[in-house]
Amino acid sequence: MRRTLNAVSLVFFAAAALWAEPSAPVSVLDQIREDFKTGHAIEGAALLQQEASKGDPKAQYGMGILFEKGLPEAKIPQDDAQAFHWYSAAAQSGHAPSQNNVGYFYYIGRGVTKDYKQAIQWYEKAAQQGDAMAQYNLGNMYFHGRGVTKDFSKALGLFRQSAEQGNVTAENNLGFMYEHGLGVPRDFGVAMQWYQRAAKDGHSYAEMNTAVMYEHGLGAHRNYAKALDWYKKAAGRGRTFAQWKLGRFYENGWGTPKDLVEAYAWYWVASQQGNKRAADSLHQLESKITPAQVSEARDRATHFTLQKAP
């Protein structure tokens, strides 16, 4: 199963999973794991800091995570400066995930002054070690021309390296670049392949992009029913564009029987989250249905299972 990775690998993994290969004494690491597993966070954090202070880069990375997220039960506050300190210590020892995180902290100015040049340097160190998140982040720097001359070809290569390791966001970005011919000749078929790879692992933007491709017959035969299915997935993940599109599909009977109540419900959901096109569509549809249908649609919308968009 590929992982959905966002702009930085800052997910708080359980302490039991911080190390794949222990570099500190096994007994100490076992104790740390056991402490966190059994709810003894204070003791576990103390031992973790002890190992980090001895110079263990994986323990230093763990401390960076603790301070970056904060862990009240271990009396560790959220502290960007401390997180940056521990990530930097591990990064100096060559720990690739920490190098990537140091790069990200420089990129957004978190715990340190924003500096794109420094971000690029740390991303490069981690990317050269094969870190998928760093490859993706460095690709974004080249894609947008942040701290470096914009270069779609380099961005494409870095996204590909990351995607080949299962980074679904990189897969989606590759689809976008093939769809629009950025750094590579336009190829809707290849774009669709990358979109679908990411969409099948639940990447909401890729789900929307796959739906758009089916809707317009790009890289695949036009298929409104399949487009509808993918829009539903993205809509359920909170994507207002997909919610608005569902309204359009139900209003026009594309890939599904026409249902103005269902259309209104989806327009209403999207408009409540600030989607202007949905608000406009909602206003236009109101003249075509009865007040009772409006009431039914809003009641139906309150029963939709929706996630909050990331």
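Student: How many aromatic pairs does a search of the whole structure find?

Tutor: The search finds 16 aromatic pairs; the model is a predicted one. One of the pairs joins tyrosine 231 and phenylalanine 249, with 5.5 Å centre to centre and 75° between the planes.

Student: Why is the pair of tyrosine 231 and phenylalanine 249 called edge-to-face?

Tutor: The centres lie 5.5 Å apart, and rings pair if their centres lie within 6.5 Å. The planes stand at 75°, and an angle over 60 degrees counts as edge-to-face, so the pair takes that name.

Student: What makes this pair a link between distant parts of the chain?

Tutor: Tyrosine 231 belongs to helix H12 (residues 224-236) and phenylalanine 249 to helix H13 (residues 240-252), and the two are 18 residues apart. Both tyrosine 231 and phenylalanine 249 are buried.

Student: Why is the pair of phenylalanine 241 and tryptophan 244 called tilted?

Tutor: Its centres are 5.9 Å apart and its planes 50° apart. Stacked requires under 30 degrees and edge-to-face over 60, and the rest count as tilted; the value of 50° therefore makes this pair tilted. Both residues lie in helix H13, three residues apart, about one turn of the helix.

Student: Why is phenylalanine 241 called partly exposed, and why is tryptophan 244 called buried?

Tutor: Buried means under 20% relative accessible area and exposed means over 50%. Phenylalanine 241, at 24%, falls in between, so it counts as partly exposed. Tryptophan 244 has 11%, which is under 20%, and is therefore buried.

Student: Which residues do ring pairs link into a cluster?

Tutor: The cluster consists of Tyr224, Tyr231, Phe241, Trp244, Phe249 and Trp254.

Student: How do you know that arginine 277 lies over the face of tryptophan 244?

Tutor: Arginine 277 is 4.6 Å from the ring centre, and the criterion asks for CZ of Arg within 6 Å of the centre and within 35 degrees of the ring normal. The distance satisfies the first condition, and the assignment to the face of tryptophan 244 therefore implies the second as well. Lysine 125 likewise lies over the face of tryptophan 122, at 5.5 Å from the ring centre.

Student: What makes up the contact of H8 with H9?

Tutor: The contact residues divide into nine nonpolar, two polar and two charged. Among them, Phe152, Leu156 and Arg160 in H8 meet a set in H9 that includes Glu171, Leu174 and Met177. The helices pack at about 145°, with their axes 8 Å apart, and H8 passes H9 in a left-handed crossing.

Methods
Residues are numbered from 1 along each chain as its sequence is written. This is a predicted model: local features need pLDDT of at least 70, side-chain atom pairs count only at pLDDT 80 or more; totals for chains, interfaces and linings use all residues. Side-chain values use heavy atoms; hydrogens and water are left out. Rings of Phe, Tyr and Trp (its six-membered ring) pair if their centres lie within 6.5 Å; planes under 30 degrees apart count as stacked, over 60 as edge-to-face and the rest as tilted. Helices (H or I, at least four residues) and strands (E, at least two) are DSSP runs, numbered from the N terminus. Buried means under 20% relative accessible area, exposed over 50%, partly exposed in between (1.4 Å probe, protein chains only). Axes are lines fitted to C-alpha atoms, for helices over the stretch in contact, and angles run from 0 to 180 degrees between N-to-C directions. A crossing is left-handed if the near helix is turned anticlockwise from the far one by less than a right angle, and right-handed if clockwise. Contact means heavy atoms within 4.5 Å. Ala, Val, Leu, Ile, Met, Phe, Trp, Tyr, Cys and Pro count as nonpolar, Asp, Glu, Lys and Arg as charged, and the others, Gly among them, as polar.
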